[in-house]
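I opened this entry to look up pockets and the relation between the chains. Notes follow in the order in which I checked things.

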Protein chains: 2
Amino acid sequence: MKGRRLGMREIPGGGSTAVRLRAGQGVRLVNTHGSQVVDTWCLATADSSEYLSVEQTRRMLFRLFAGAGDDLYSNRRNPLLKLEADTSAGRHDMLLACCDSWVYQFYGCAPGHANCRDNFLRALAELGMAAAVVPNPINFWMNVPVTDNSKLALEAPVSKPGDLIVLRALQDVVVVFSACPMDVTPVNGVDRTPRSVAYEILAQA
Amino acid sequence: MKGRRLGMREIPGGGSTAVRLRAGQGVRLVNTHGSQVVDTWCLATADSSEYLSVEQTRRMLFRLFAGAGDDLYSNRRNPLLKLEADTSAGRHDMLLACCDSWVYQFYGCAPGHANCRDNFLRALAELGMAAAVVPNPINFWMNVPVTDNSKLALEAPVSKPGDLIVLRALQDVVVVFSACPMDVTPVNGVDRTPRSVAYEILAQA
C-alpha cells in the first residue's frame, strides 16, 4: 500500500463524511472551488470520548490558530493529527462553534436547514459510532480574522481553487469533514453558496 | 427582598460552588486576594443542555473576550447572563478549557489533584443536577494575553484584592464557580497558590 493513492472522493456542498485512518495514514482534503469551509473533527478510534480539542491545541501551541507542521491535540493533550501540509494562506478558524439548528433558527431560516452539527452526528452514525459531545471543530479555510488582539470578523475565504491540506494520523483516528452548509453569512464565499470539496486517503508515509 | 444583600459566602481556594439565580437576581463575585482565577459556568435552569457558550458569545460580540456591559450567550444564542460590572482591568479568559485530571497528569502531578472539571461536576451534583457536557468556562481574572493577533501566554492575574464582578441573570440559571486549583502554572499568581474568593447573591435589581 505504501505510497499508493487510494482515489479521490467528493463531499457535496453542505454534506459530510467520516473516514477511519490508521496511525501513519493521512488524508488530503482539497478545496476544489476554493471558497468552501470544511468543519473538521477527529476522534480517537479506541475511545471516542477522546477528541481533537481546539482549546487544548491552542494551549499547547500557545497560538490562536494552527498552521502547517503543527500537531493537533486531544482533550487529553495527546497529539492525534499533524497538519502536515497547507497550500493556502493558512486562515483556518479555531474560535467559533460549528453551525447547528439553533444558528439557522437565529437567522430566521426554515426548520430543517442542513447544519454541521447534524452532519457530524450523521457521518459518525454511518460508521456505527456515536459521540457523547459535539466538540468545537477546526474550520479549515474559514476566515475569521483577529484584529487589535481582540476583534473578530466573519469574512469570505482567502483560499484558491485547488488549495489543499494534508492531515497525518498520529494514532488510529476517525476524521469527520463537513462541507459547511452556511448560506447566510459569507464564510463560504461572497455568493454564500456551499460547494463540493474532495479528499483522498493517503497510505502510511 | 429588593436591594437587600443576602450575605457573603466564601469559596475556599481550589473549591467550587453552584448557585441558583432567578431571572433578575445577580451574583457579586469578589477576588478577595486579587490573584485567584474563577472558572465560571452557567446553565439554564429549565434545561441544563442549554449553557453559557464562550464560542457563541465570541461570535455574538465579535470579540475574543467579554467585558462590562456585555451579554453572555448560550449554545442556542440566548442571553443567559449580563456581565453587569467589573472593577478589574477586564482580563478574563475565554480561550482555554478548564483544568482537568488529564492536565495535571500532563504536568506529572500525582493522581487525584483537585481540578475545575471535577469541581464543576461536584458542585452541580450538590444541587442534584448532572451535566451532559462540561462546557468551556469563562475564566474570570485569568490572564491569557493575545499578541500579534495570534500568540497566547499564561500570566499571573492583573486583578487587585477586592476586585469584583457582578453577573445578572437574564433568565433562571444555575451559576457554577470554581476557584481554580491550578498550582503548576502562574495563572493563580506567581506564587502558584490558590486562594479563597467570596460571593453574594443580589436580589432582583
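I started with the lining of the second largest pocket in this predicted model. I sorted its residues by type and got seven nonpolar, six polar and three charged. The lining comes to 16 residues. I noted those nearest the pocket centre: Asn149(A) from chain A, and Phe65(B), Gly90(B), Arg91(B) and Val144(B) from chain B. For the volume I have about 190 Å³.

Next I turned to the largest pocket, where the volume is about 870 Å³. I found 38 residues lining it, and closest to the centre are Tyr51(A), Val133(A), Val134(A), Val133(B) and Val134(B). By type I recorded 20 nonpolar, 11 polar and seven charged residues in this lining.

I then asked which elements supply at least two residues each to the lining of the largest pocket. In chain A they are β5 (47–51) and α1 (54–61). In chain B they are β5 (47–51), α1 (54–61) and α3 (116–126). I marked β5(B) as giving the most, with three residues.

Last, I checked how the chains are related. Chain A superposes on chain B with an RMSD of 0.0 Å after a rotation of 180° and a shift of 0.0 Å along the axis. I therefore entered the two copies as related as by a two-fold rotation axis. Which residue of chain A comes closest to that axis? I found Asn149(A), with its C-alpha at 2.3 Å. Asn149(A) is also on my list for the centre of the second largest pocket.

For the interface, I noted that 100% of the interface residues of chain A are interface residues in chain B too, so the copies meet through the same surface.

Note on methods: Residues are numbered from 1 along each chain as its sequence is written. Chains are lettered from A and ligands numbered from 1 in the order in which they are written. This is a predicted model: local features need pLDDT of at least 70, side-chain atom pairs count only at pLDDT 80 or more; totals for chains, interfaces and linings use all residues. Side-chain values use heavy atoms; hydrogens and water are left out. On a 1 Å grid over the protein atoms alone, a cavity is a set of points where a 1.4 Å probe fits but cannot get out, and a pocket is an open set with protein on both sides within 12 Å along at least five of seven lines; lining residues have an atom within 4 Å of a point. Grid points are joined across faces, edges and corners, and a volume is the space filled by probe spheres set on the points. Helices (H or I, at least four residues) and strands (E, at least two) are DSSP runs, numbered from the N terminus. Ala, Val, Leu, Ile, Met, Phe, Trp, Tyr, Cys and Pro count as nonpolar, Asp, Glu, Lys and Arg as charged, and the others, Gly among them, as polar. Copies are superposed by least squares on the C-alpha atoms of residues with pLDDT of at least 70 in both. Contact means heavy atoms within 4.5 Å.
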